[in-house]
Every structure is written in structure tokens, then in C-alpha cells.
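Thank you all for making time this morning. I would like to walk through one structure slowly, and I ask you to keep the picture in view while I talk.

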Amino acid sequence: MEKDADGFYTPAPAAKEKTPEQSVEDKEAATDLVKSTFEVSVTLADQQGDPNSPLHSVKTFEQLGLHADLLKGIFAMGFSKPSKIQERALPLLLSNPPQNMIGQSQSGTGKTAAFVLTMLSRVDFSKNKPQALCLAPARELARQIMSVVVAMGKYTPVQTEYAIKDNLPRGAAPITAHIVVGTPGTMTDLIRRKVLDVSEVKVFVLDEADNMLDQDGLGEQTLRVKNMLPRNSVQIILFSATFPDHVRNFASKFAPSANKIELKKNELSVDNIRQFYMDCRNEEHKYEVLVSLYHLLTIGQSIIFCQHRHTADRISQRMTAEGHKVASLHGAKDAAERDAIIDGFREGRNKVLITTNVIARGIDILQVNMVVNYDLPFLNERDNSANKEDARPDIETYIHRIGRTGRFGRKGISVNFVHDKATWAQMEQIEAATGKHIIRIATNDLDEMEEQMKKALK
Ligand SMILES: Nc1ncnc2c1ncn2[C@@H]1O[C@H](COP(=O)(O)OP(=O)(O)OP(=O)(O)O)[C@@H](O)[C@H]1O
């Protein structure tokens, strides 16, 4: 086990709309910030290897022996040095013969670039066939991953295709693109319809892998895709900020003999996200408190998470009727609308996004400096135990939700609304599981909230 204690993250630039040039400058400045304070443990599939050997960690992108066109793409994105997970994962991901990887690192620390670079460097551009597939749990995340593939591959001849709903019409010609990114249902459908020929696939990536493998969620569909791929010749890459025990075993079977990079349990969320809670009297009071926070929510950008679609719709309609500008996004909206809403938010046209767990994972919008858990995430959804005392908090989803702020060393704050015994108990369990203190802010003291917010974001 290797320990790093290089210091804390430093403040992010003010949240304003940025020109592409400014974003690149920000990222260059940010590269130095992700000197993590967290511990990772590296377990090599080949037990003879020494995980602390310099060969298993790089300090520069140049050391990776990447093609010059890829290096050019990386630098054009404003990345000057690899982040910790990239330092550790990339040498293992790129070594030959290819080896599977199960990689864990906190939210916003640069996992995407690690797997995108692997896909791009393994593809043979002279073959017009799909060679790398990447699955994500939601179309918004698939589109974001694709934007990284396109940016990083800007100076390569890479061709890409989406496997997301409403992208390819019935009767579409076979895909000739090298890299296909999508969601598992559509990916399965395209393979079955023979629009996607997988015979040349050599890299298979699951982003948010614990979610993709969860038996109660997307696990079955993901397994179906894997079972259609060539046997034994595909490099399987699993990445997430969380790998709860109940999926770890399955992950090890899914990606056999994988190199593993793991976080310690109390290192699951980054320290640069300050966590608060507000003690509301009841459901209606939650709404009033949210409205009273509107000014603070719009200082930068913010995401409000609800457990149900109807709550997201209801509060956004009410707030809109009362003259506030908010957008709402959830899985019941049609594909085109979802794309327009997330793009509008990404571009800063909307500053407050009210949503469900659909974008709890992976979404990377640097200007988001506040996350509100209007409802805490909980499990036991099927028994409809929303307000029952036995509703267990969904710790992983909580970690991912608050991770929508505090990206790549920036600062951020999260606020939980608690309003009864059950939500109190859930929050205490979250505190215990993450080992992070959640600070109370009075609901009637907006000045304190503003003060705390300024302090946290300084
Ligand atoms: N080496 C780097 N230098 C500068 N910026 C980087 C570097 N690597 C990644 N980034 C930036 O850091 C941000 C977070 O990266 P990314 O979205 O890959 O995080 P993640 O680890 O996948 O997070 P999550 O667990 O939430 O999905 C992105 O804006 C990305 O462009």
C-alpha cells in the first residue's frame, strides 16, 4: 500500500461561462491540483510484479510511449500531467499483452481519460470495423464520454458511433466506426440486429462499472453484451468511484485476472467537497427552503437531486411558475429533449438543474459548485418504503451525486435536506459509511449559509 499526502486541493476559478481557451487554461492550472490525498492500493494480476516499481507509474504523458497524434490531443485538451489514477492505471492499461483492469478512484479525478486513451491507442485505424466498445448507464454520460473520445482523438483518424436510443434508424447500415459508446440496451439491440459487428472488438469498457454490473440494475444487460463479444481476446476495463462489496466478486469474474486499483473505504469522497445539511420541518418546508436558496444556487451552477421524476417535475414547475429559472431532467423525457436540457445546462444557459439519479454519475460540469440532495438517495425502492424508517440510504449514489461538484480539485458544497426521523437516520448512516462529517446549517439563517458557502468555496 502506498501513501500520498501531497497537500490539499486549491480553489477553482470563479464559475462563469468560459471560452474554450479559458477552459484549457483552467485545466492546465488544475493539473497540479490533483495531487491526491487519498490512498490507493494496487494489486497486480501478476503477483511477481512490484506495484511500486517506477514502471507501474508514470509522471508524464510522454513516458507512456503514445502515438504523437494522441499526445497532441491530450495537450490540446489542456492536460499537462497525468492525475494520480492516470499515473497508476495507464501503464497497466497500455502494457502488452493487454490485461484487464478494475480501477477505482474518486469522482472527478480523471478516470475517463484513462480508458479513452486506452481505446484510442489500441484501435487499428486502417480497419473500418468496431474495435472498442464503451458502456455507460445513461445517454448523457455516453455523450460526454464520446466528447472526450472526439477531443482526445482530434488528431487521429478515429471514427465513432453512438449506441444510444434514437441514434440509428431501423435498417441502418453496419457500423464501420472504430469506437462505439452507448448504453447497454441499445448496444445489445445493435449487435442482435447485426448493425454492430463485434468480431474485431478488442477493448470493452464499463464506466460506472459497479452500477453497470449490479444485478438489481443493468447487470443482466451488460452481461448480455459481454457474452456476445469474442472470447478471451478482449481487454475488459472496469472503472468507478465506488465498488461496493456485493459487486466486487462479480466484477472479478467479469474481468478475470484483472489488475486492481482500489480506494480505502474512508477515502471514497474527496475532501474538497464540504458537506452540509438543513433540518427541514416537513416536505413542504423542503420546498420553501429550496426556494429561499435560489439566489445561492445561481451564484455558480447547481444540481438538485430528487428520488422521483414526479418530484423533479413538480418542484421545477412550481419554481418556474413563481418566476425562477430552472430546468428539469429525468429518464421519462424523450431523447431529444434530454439532450437539449443537458446541453443547455452544460453551456450555462440554465444555472439550476432539478433531476433524478439519471445524472448522479459521471457528469462532468466544472462550473457546478453546489449539489442539493432534496431527497436523500435510498434503496428499497421496490417496496416503496420512501418514508419508512427502514429505507436504507444508497451510499454509493450519495457519493456519486455529491461528486458532481468539486471536479478535478475544485471546491464544491453539498446540502442535504432532512425532514424526519427516517431521513435523519439515513444521513447518519451516510456519515458513518463515508467517514465524513456533515455540518448543520440553520434553515432560517441564509446569511450563515452564504457565509459557509463562501468559506467552503474560497
Ligand atoms: N490530466 C489531467 N489534467 C487536467 N485535467 C484533467 C486531467 N484528467 C482529467 N481532467 C479533467 O478532470 C475532470 C474530471 O475527469 P473525469 O470526468 O474523467 O472524472 P472521473 O474520475 O471519471 O469522475 P466520475 O467518477 O465522477 O465519473 C474533467 O473535466 C477532465 O477533463
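**A walk through the model**

Let me begin with a single residue, Glu-220, which lies in helix α8, the helix that covers residues 219-228. Please keep in mind throughout that what we are looking at is a predicted model. Is Glu-220 buried or exposed, or partly exposed? It has 13 C-beta neighbours inside 10 Å, and because a residue needs 20 or more to be buried and 12 or fewer to be exposed, Glu-220 counts as partly exposed. If you look for Gly-185, you will find that it is 35 residues apart from Glu-220 along the chain, while the C-alpha atoms of the two are separated by 9.9 Å.

Now let us step back to the chain. The protein chain has 16 helices and 15 strands, and of its 458 residues, 49% are buried. When we take the contacts with a separation of 6 or more, 79% of them are between residues 24 or more positions apart.

Next, some helices. Please find α3, at residues 84-94, and α4, at residues 111-122, whose axes come within 9 Å of each other and cross at roughly 20 degrees. Since an angle under 35 degrees counts as roughly parallel, α3 and α4 are therefore described as roughly parallel to each other, and their crossing is right-handed. Which residues meet in this contact? From α3 we have Ile-85, Gln-86, Ala-89, Leu-90, Leu-93 and Leu-94, and from α4 they meet Lys-111, Ala-113, Ala-114, Leu-117, Thr-118 and Ser-121. Sorted by character, the residues of this contact between α3 and α4 are eight nonpolar, three polar and one charged. Helix α3 is also mostly covered, with 10 of its 11 residues buried, and the buried ones include Lys-84, Glu-87 and Arg-88 as well as Leu-92.

Helix α4 has another neighbour to show you, namely α5, at residues 139-152, and here the axes come within 10 Å and cross at roughly 55 degrees. That angle makes α4 and α5 oblique to each other, and α4 passes α5 in a right-handed crossing. On the α4 side the contact is made by Thr-112, Ala-113, Val-116, Leu-117 and Leu-120, and on the α5 side by Ile-145, Val-148, Val-149 and Met-152. How many of the residues in the contact of α4 with α5 are nonpolar, polar and charged? There are eight nonpolar residues, one polar residue and no charged residue.

Let me turn to the strands, starting with β7, at residues 235-240. Why do we call β7 largely enclosed by the rest of the structure? We do so because six of its six residues are buried. In a regular strand the side chains alternate between the two faces of the sheet. In β7, Gln-235, Ile-237 and Phe-239 point one way, Ile-236, Leu-238 and Ser-240 point the other way, and all of them are buried. Strand β2, residues 101-104, pairs with β7 in the parallel sense over four bridges, and there Gln-104 stands opposite Ser-240. Strand β6, residues 203-207, also pairs with β7 in the parallel sense, over five bridges, and in that pairing Asp-207 stands opposite Phe-239.

Finally, please look for an open sheet of seven strands, which run in the order β11-β12-β10-β13-β14-β9-β15 with parallel pairing. The edge strands are β11, at 327-329, and β15, at 439-441, each of which pairs on one side only. From one strand to the next, the twist averages 25 degrees. At the β11 edge, three bridges join β11 to β12, residues 352-355, and the two run parallel; one partner pair here is Ala-327 with Leu-353 in β12. Helix α13, residues 335-346, packs on the sheet where it touches β11 and β12, and its direction makes about 130 degrees with that of β11.

Towards the other edge we meet β9, residues 273-279, which is mostly covered, as five of its seven residues are buried. It pairs with β14, residues 412-418, in the parallel sense over seven bridges, and Tyr-277 stands opposite Asn-416 in β14. Strand β9 is also joined to β15 by three bridges, again running parallel, with Ile-441 in β15 as the bridge partner of Met-278.

Key: Residues numbered from 1 in each chain as written. Predicted model: local features only at pLDDT ≥ 70, side-chain atom pairs only at ≥ 80, totals over all residues. Axes fitted to C-alpha atoms, helices over the stretch in contact; angles between N-to-C directions. Parallel < 35°, antiparallel > 145°, perpendicular 65-115°, else oblique. Left-handed = near helix turned anticlockwise from the far one by under 90°. Contact = placed C-beta atoms within 7 Å. Nonpolar A, V, L, I, M, F, W, Y, C, P; charged D, E, K, R; others polar. Pairing = 2+ DSSP bridges.
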